[in-house]
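Please look over the sequence and the model shown here before reading on.

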Amino acid sequence: MATTMITTLDRSSRAAARGLSDISIRNLFIIPTVLFLIVFNIFPLIYSLGYSFTDFRASTNASANFVGLQNYRDLLNDPYVWSNFAITAKYVIISVAGQLLVGFGVAMLLNRDIPLKGLLTTLLLLPMMLSMAVVGLFWKLLYDPSFGIINYALGLGTFEWLSDPKMALYAVALTDIWMWSPFVMLLSLAGLSAVPKHLYEAAAIDRAGPFYTFFRITLPLVAPILMIAVIFRTMEAFKTFDLAYILTTQPTAELISIRLYKMAFQEWQTGRSCALAYIVLIMVLAITNIYVKYLNKVKER
Amino acid sequence: MAHIQLKNISKSFGNHTALTGLDLDIADGEFFVLLGETGAGKTTTLRLIAGLEKPSEGQVFIDGVDVADWGAAERDVALVLQQYSLYPRYTVRENLEFPLKPKIRRLPDAEIKDRVDRAARTLRIEHLLDRKTDRLSGGEMQRVSIGRAIVRKPRVFLMDEPLSALDAKLREALRTELKNLQMQLGATFLFVTHDQIEAMSMGDKVGVLNHGRIIQTGTPHEIYNNPRDTYVASFVGSPPMNLIDGKLVNGRAVMAPLNFELPFSGGAKASAATEGRPLVFGIRPEDVYLESGAPVEARVHDVENHGVEKILTLRVGDTTLRATVPARTDVAIEQPVRFAWNPDKVVLFDKGSGVSLRHAG
């Protein structure tokens, strides 16, 4: 039946006059995209898979030697890499949880009739429209120990947000929360406004209190869309690079992507970094899969 | 169970006035039907009683207590809406348990189970208890939402056109069921509908609402036989009451532009005051009958066969009127017939105000 989905070309159209058939027009649109994908995504992906089994270094002229699973074995036995993963996990949990709380909370506040709601929503969306690098640069200024406005406002003196080994990761997560909460808010708002009003009325009639209504009606109905927000944000947070790279150089805030970058372009261990990239890829896929499974379960309920 | 009173209620939404000076008195254990067209203010009235809206003016009393400051929860009413408003993602059982489970008034588990099972039995949805609500048909959903109302044993049942989204057969079945349920529970019901058949068949009392005002309240019998004005006369009954302009001359009804005459037996009512005054004569189609020696000749304009009876549209000059005749009556379109009416059943309305002379006093 798939063929019936393709609209037939109008015989009197100019395209038909030039001798183009439906299929050639379809190909005209699809082939450039497919070529682009192959050249810039699929080819490097496969090529790097090959490199991940070698000791190739892009900085030398030495030819690559096949080393089998050595790179993987080394990486998975390297406690530093594991600590990078632990840092990343901590970062993902803090920043996604923060975004979820703030974003959903703000959405709950906005999900009522208030004046200037549209304007307010638009303004609240601004952070996520900025570029990561810009956000990183000006939060660096905000965090500045000597003239940053955060220390000034909170009266913290010269507290060093970004050079304090304990604080650096939280500072980066805070920036990420500021930037991406609006995204969660936007999705939550969509979810909240889709809950039919008469359900709330029915619940009020059924003498359900605000908490009971929230946990029994609002949350279950918004849960699937919240899950989607969580999936997106987890994947993004997992591969955070620019924000953390710009904000801090603390080893306690060295996310796996920064480690990967250093390994590939500072230490020039191209083969090994390819292997690490594959490990990260597999992890992200695994996490996403778990989420998607859970999402489907939530949807079914 | 409760006695409900609305006193001089007005409600407006912005510039739009939904209700004006509404008075309503629903006795304890009564099945009261609020009948009106779409937009007459029926749902608003219901929502005011439920506490989902606040009146702009006037007071609502439940059992003699002014409930102005009470929320929906405190009023202890149950509301069944036209859109079933079942809680999605829950099973039927969970939906029925919902109103019993909030922490503050949490009942013991055994009691919850007992009530849910009893409600399910009453509504014959026992076999559906473990099903998800989105796998139910319309009729089943509406039963569940009625079930959610009855598990709580509320003081008042409010029903907002609960049957209008259902197909005809089911509507008929649920109509009987609801009426039985009300009698069984002895509960106060306020039932809102635009369907005059529902109103007639279910109500102990019917209130006819038009443009935010109660036009008439009374038993279905009163509403049907003695409508307060031409609006009620034409709204209640299917086919509606025939309304013909005319005058009374010497105790006979003379139809104004057409000059056909019919006997009238209003007796004392047809006093000198009504003599010659412009009137509207109301007669139910079943009180118009065909007879060979009858006083007026008409032509058959249309025939609707309903099985048990035929509804004829008769034409006299430019005026048409409906007559219900037995199905075996043999008539053809354009056939000349003679008809008369039952002079005892004629209702007189004032031409100007539309109010029935019996009600005007």
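The paragraphs below treat confidence, then chain A, then the contact between the chains.

This is a predicted model, in which local features need pLDDT of at least 70, side-chain atom pairs count only at pLDDT 80 or more, and totals for chains, interfaces and linings use all residues. Residues are numbered from 1 along each chain as its sequence is written, while chains are lettered from A and ligands numbered from 1 in the order in which they are written. The model scores are ipTM 0.74 and pTM 0.75. For chain B, the mean pLDDT (the predictor's confidence in each residue, from 0 to 100) is 85, and 94% of its residues reach 70 or more.

Chain A contains 14 helices and 0 strands, where helices are DSSP runs of H or I with at least four residues and strands are runs of E with at least two, numbered from the N terminus. Its C-alpha atoms fill a box of roughly 75 × 75 × 35 Å along the principal axes. Of the 301 residues of chain A, 28% are buried, that is, have 20 or more other C-beta atoms, placed from the backbone, within 10 Å of their own.

The two chains meet through 19 residues from chain B and 15 residues from chain A; a contact requires C-beta atoms, placed from the backbone, within 7 Å. On the side of chain B that touches chain A, α2 (72-75) and β6 (77-80) each supply at least two residues. The largest share there, 3 residues, comes from β6(B).

Terms used: A residue is buried if 20 or more other C-beta atoms lie within 10 Å of its own, exposed if 12 or fewer, and partly exposed in between; C-beta atoms are placed from the backbone.
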